[in-house]
Amino acid sequence: MLDVRRLRLLRELAHRGTIAAVAEALAFSPSAVSQQLTALEREAGVALLERTGRRVMLTPAAHGLVRHAEAVLAVLEQAAAELAEAKRGPAGPLRIGTFPSAARVVIPPALVLLAERWPELEPMVAEVDPAGVADLLRSGELDVALVHDYDFVPAPVEPGIASEPLFAEAMYLATAEPGPGTPGPVRRILPSAPRSAGQALAAHAGDPWILATHGTLCHAMAIRACQAAGFTPRIRHRVDDFDTVLALVAAEQGVALVPELGLLAPPAAVHLHRLPMSRRTTVAFRHGAGGHPAVAAFGAAVRATLPVILRNS
């Protein structure tokens with residue numbers, strides 16, 4: 001009989017690439033991970049790992065076993081969800097991942113509603129870039145997460161992870177000067193007013209740019225959008241917080257791309273030009289966990305508060 005815990009380790013190795021990364025993610029020692037994987041090989045009766053020096057590669061048999069492990073783990077998630085449903089309602093810790101702008105705008109009203117409806121539930125929020133969410137969900141460090149993707153950076157297919165759409169936001173080009181034909185105090189241009197996204201961005205090809213830190217989806221989106229417009233942005237500042245980004249734009253330190261949720265209180269000196277681009281937010285969880293009462297309660301709370309959030313953004 002194959003040990004489920006060892007199957008989980010093999011699955012993590014398939015996604016993370018090294019035994020050291022698996023050990024760090026799951027708070028094991030590398031030797032403990034190696035021992036458990038060796039025991040799994042004995043259980044399987046076939047070679048699962050090919051070792052070359054310090055490198056470890058999965059054999060074809062191991063890749064096949066990982067596919068079965070994904071299915072087994074999803075069924076176990078469904079079983080856990082059914083057992084939790086048999087109890088009196090959502091309760092206990094719920095580890096929630098979110099990106100910063102949603103942490104500021106979406107999460108607080110959702111937590112208020114959760115506290116009113118399910119006072120025995122204990123939400124625990126952590127800011128996480130969407131690029132790292134899948135690993136954290138698979139390892140059990142998160143139970144549910146808000147993630148986003150962009151027109152130029154679509155969401156990758158992540159084994160073991162399911163998601164449901166929540167909402168989409170417009171993207172804005174933030175500058176310190178109004179665009180051509182824009183009256184002085186106007187901050188936003190209606191969707192019909194701007195030229196194509198490429199034309200709007202190309203008009204600022206010679207300006208310094210303010211981007212998110214390297215490795216984030218926001219950074220990748222800005223780079224790819226500018227490249228699609230025919231240039232590579234000259235990066236002056238790398239900042240993740242949109243309030244800080246807008247303050248730097250107002251100080252004439254560069255131009256930036258900012259989503260709707262990042263525009264709660266833009267400085268008066270900042271002019272916002274709506275682009276035909278969008279950012280989409282989804283709620284993500286492990287396969288089979290969508291019916292867990294705590295995960296479902298969080299998704300319901302977010303959806304219930306979205307009309308007010310989007311109206312005020």
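These legends walk you through several close-up views of a predicted model.

**View 1. Three domains share one protein chain.** Start with the overall layout before zooming in. Domain 1 covers residues 4-83, while domain 2 is built from 90-145 together with 282-310. Domain 3 also comes in two pieces, 169-180 and 192-280. Measured out over C-alpha atoms, the centres of domain 2 and domain 3 are 28 Å apart. Where these two domains meet, eleven residues of domain 2 are in contact with nine residues of domain 3.

**View 2. The largest nonpolar core holds 39 residues.** In soluble globular proteins, nonpolar side chains tend to be buried together. Which residues touch the most other members of this core? They are L201, W209, L257 and V258. Several elements each give two or more residues to the core: strands β6 (161-175), β7 (208-211), β9 (256-259) and β10 (271-286), along with helices α8 (197-202), α9 (217-228) and α10 (242-250). The largest share, eight residues, comes from α9.

**View 3. L257 sits among many partners.** Leaving out residues up to four places away in sequence, L257 touches M171, Y172, L173, L201, W209, M221, A222, A225, F242 and L275. Two of these partners, L201 and W209, are named with L257 among the residues that touch the most other core members.

**View 4. A salt bridge joins E43 and R6.** Side chains of opposite charge can pair when their charged atoms come close. Here the distance from N to O is 2.4 Å. The pair links distant parts of the chain, with E43 in helix α3 (residues 30-44) and R6 in helix α1, 37 residues apart. Are these two residues buried or partly exposed? E43 counts as partly exposed because its relative accessibility is 30%, whereas R6 counts as buried because its value is 18%. A search of the whole structure finds 17 salt bridges, so there are others to visit in the next views.

**View 5. E12 pairs with R16 inside helix α1.** The side chains of R16 and E12 meet in a salt bridge at 2.7 Å, N to O. Both residues lie in helix α1, four residues apart, which is about one turn of the helix. E12 is buried, with a relative accessible area of 0%. Setting aside its neighbours within four places in sequence, E12 is in contact with G17, V22, L26, R138 and S139.

**View 6. D143 and R286 form a buried pair.** Their salt bridge spans 3.6 Å from N to O. D143 is in the loop between α7 (133-139) and β5 (144-150), while R286 is in strand β10, so far along the chain that 143 residues separate the two. Both partners are buried. Elsewhere, salt bridges that share partners join R11, E12, R16, E70, D135, R138 and E158 into one network.

**View 7. A nonpolar patch lies on the surface.** Which residues form it? The patch is made of V4, V72 and L76, with about 190 Å² of accessible area together. V4 lies in helix α1, which runs over residues 4-16. With a relative accessible area of 31%, V4 is partly exposed.

Methods. Residues numbered from 1 in each chain as written. Predicted model: local features only at pLDDT ≥ 70, side-chain atom pairs only at ≥ 80, totals over all residues. Heavy atoms only, no water. Patch = residues over 30% accessible without salt bridge, like charges linked within 9 Å, V, L, I, M, F, W, Y side chains within 5 Å. Areas by Shrake-Rupley, 256 points an atom, 1.4 Å probe, with all protein chains shown as cover. Salt bridge = Lys/Arg side-chain N within 4 Å of Asp/Glu carboxyl O. Buried < 20%, exposed > 50% of the residue type's maximum accessible area, 1.4 Å probe, protein only. Core = buried A, V, L, I, M, F, W, Y, C linked by side-chain atoms within 4.5 Å. Contact = heavy atoms within 4.5 Å. Domains from an automatic or database assignment.
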